[in-house]
Amino acid sequence: MSFAAMMAVALAVDAGLGWPARVYARIGHPVTWLGALIAGLERRFNHGGPTRRLAMGTLTVTLVTAAAAGPAFALQGVLPGGAAGVVIGGLLVWPLVAARSLHDHVAAVARPLSRGDLTGARGAVAMIVGRDPATLDAAGVARAALESLSENASDGVVAPLFWGAILGLPGIAAYKAINTMDSMIGHRNARYEHFGKVAARLDDGVNLIPARLTGLAIALAGYSRAALRVMWRDAGAHRSPNAGWPEGAMAGALGIRLSGPRIYGDRVAEEPWLNGAAPDPDAAGLRRGLVIYVRAMGLCGLLLVIAAIGGM
């Protein structure tokens, strides 16, 4: 069967349905299941000196990845051939593609921001970013939302589809396990510096190609040579080896600046600007960013269909 076709089915179902709230309330979500496993292992293993923490972090990465990929490999082995296998496989990995939920979360920021409701926009953006929303003005809210939209277009959509198209169910399941571990334990602080190091480095590796593909998709969706120019020039200055590519592309496509200094709790992170000579985004820019995102995800779906047809 075609793994690319399977991913196209998953993307189409997610675009139409997302992950329904009633389903989430009843059974949760595969990422929350992984999160519970990661949290339990972290509580059990993350103590002692740096060497022990590094070793136990490596063990945690191995166990969590195996717990995700192992059942997926077994399921893939019993799928029927042909179209039935493609559809069933697509439905199985549908929860691991977050295209609809990402759009809806960012749209929830754009709506109050467009009405001039800064309080409502701050509340909505707090659901998707880690910085203190009380410190954000309207431009800061729009900037934070666009950065989240761009980075998570890669982490939440393109990268899962990429690894799923190459390796099928085990590929997308393993990717989601790695990415979830990075978001939970891949932080550079006293608690996770050693325990989460392997998770963070592995996440950097598996996102290397997808992040750059996402930046290219955003540039094409925005019909923007400036997006390619800004991405190529500024991505390397970003604190992340990968996030600067889709964020830089979005900044160039919209003609605005992203990243820059931000506040996390009582700490100011002095980050460089992407497309720093451009103006700050506003509510209209955020809405245009959502349009570009939808086009980019549609382009990804089209490429999956073309790959599936080519592999038949």
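The lining of the second largest pocket in this predicted model is lopsided in its chemistry: 17 of its residues are nonpolar, none is polar and one is charged. That makes up a lining of 18 residues, and those nearest the centre of the pocket are Pro30, Trp33, Ala68, Leu96 and Ala173. As for volume, the second largest pocket comes out at about 380 Å³. Its walls draw on several helices, with at least two lining residues coming from each of helix H3 (30–45), H4, H5 and helix H9 (169–185).

Two of these helices turn up again on the outside of the model. Leu75, Val78, Ile88 and Leu92 together make a nonpolar surface patch of about 350 Å². Helix H4 (50–78) and helix H5 (82–93) are the elements that give two or more residues to this patch. So H4 and H5 each contribute at least two residues to the pocket lining and two or more to the nonpolar patch, if one wants to put the two features side by side with the cut-offs in mind. Among the patch residues, Leu75 sits in helix H4. Leu75 has a relative accessible area of 40%, and it is classed as partly exposed because this value falls between the 20% and 50% limits.

Further along the chain, the loop between helix H7 (118–125) and helix H8 (138–167) holds Ala134. With a relative accessibility of 54%, Ala134 is exposed, since the cut-off for that class is over 50%. Ala134 can also be set against Ala211: the pair is separated by 77 residues in sequence, and their C-alpha atoms lie 30 Å apart in space.

On the backbone side, a couple of residues deserve a mention for their phi angles. Tyr223 is not a glycine, yet its phi is positive, at about 50°. Tyr223 belongs to the loop that runs between helix H11 (208–221) and helix H12 (225–234). Its relative accessibility is 66%, so Tyr223 counts as exposed.

Ser259, also a residue other than glycine, has a positive phi near 65°. Rather than a loop, the setting here is a strand: Ser259 is part of strand S1 (residues 258–259). Ser259 has a relative accessibility of 2% and therefore counts as buried, the limit being under 20%. The two positive-phi residues thus sit in opposite surroundings, with Tyr223 exposed at 66% and Ser259 buried at 2%.

Note on methods:
Residues are numbered from 1 along each chain as its sequence is written. This is a predicted model: local features need pLDDT of at least 70, side-chain atom pairs count only at pLDDT 80 or more; totals for chains, interfaces and linings use all residues. Side-chain values use heavy atoms; hydrogens and water are left out. Patches are made of residues with over 30% relative accessible area and no salt bridge: like charges are joined within 9 Å, nonpolar side chains (Val, Leu, Ile, Met, Phe, Trp, Tyr) within 5 Å. Accessible areas come from the Shrake-Rupley method with a 1.4 Å probe; for residues, only the protein chains shown count as cover. A salt bridge is a side-chain nitrogen of Lys or Arg within 4 Å of a carboxyl oxygen of Asp or Glu. Helices (H or I, at least four residues) and strands (E, at least two) are DSSP runs, numbered from the N terminus. Buried means under 20% relative accessible area, exposed over 50%, partly exposed in between (1.4 Å probe, protein chains only). On a 1 Å grid over the protein atoms alone, a cavity is a set of points where a 1.4 Å probe fits but cannot get out, and a pocket is an open set with protein on both sides within 12 Å along at least five of seven lines; lining residues have an atom within 4 Å of a point. Grid points are joined across faces, edges and corners, and a volume is the space filled by probe spheres set on the points. Ala, Val, Leu, Ile, Met, Phe, Trp, Tyr, Cys and Pro count as nonpolar, Asp, Glu, Lys and Arg as charged, and the others, Gly among them, as polar.
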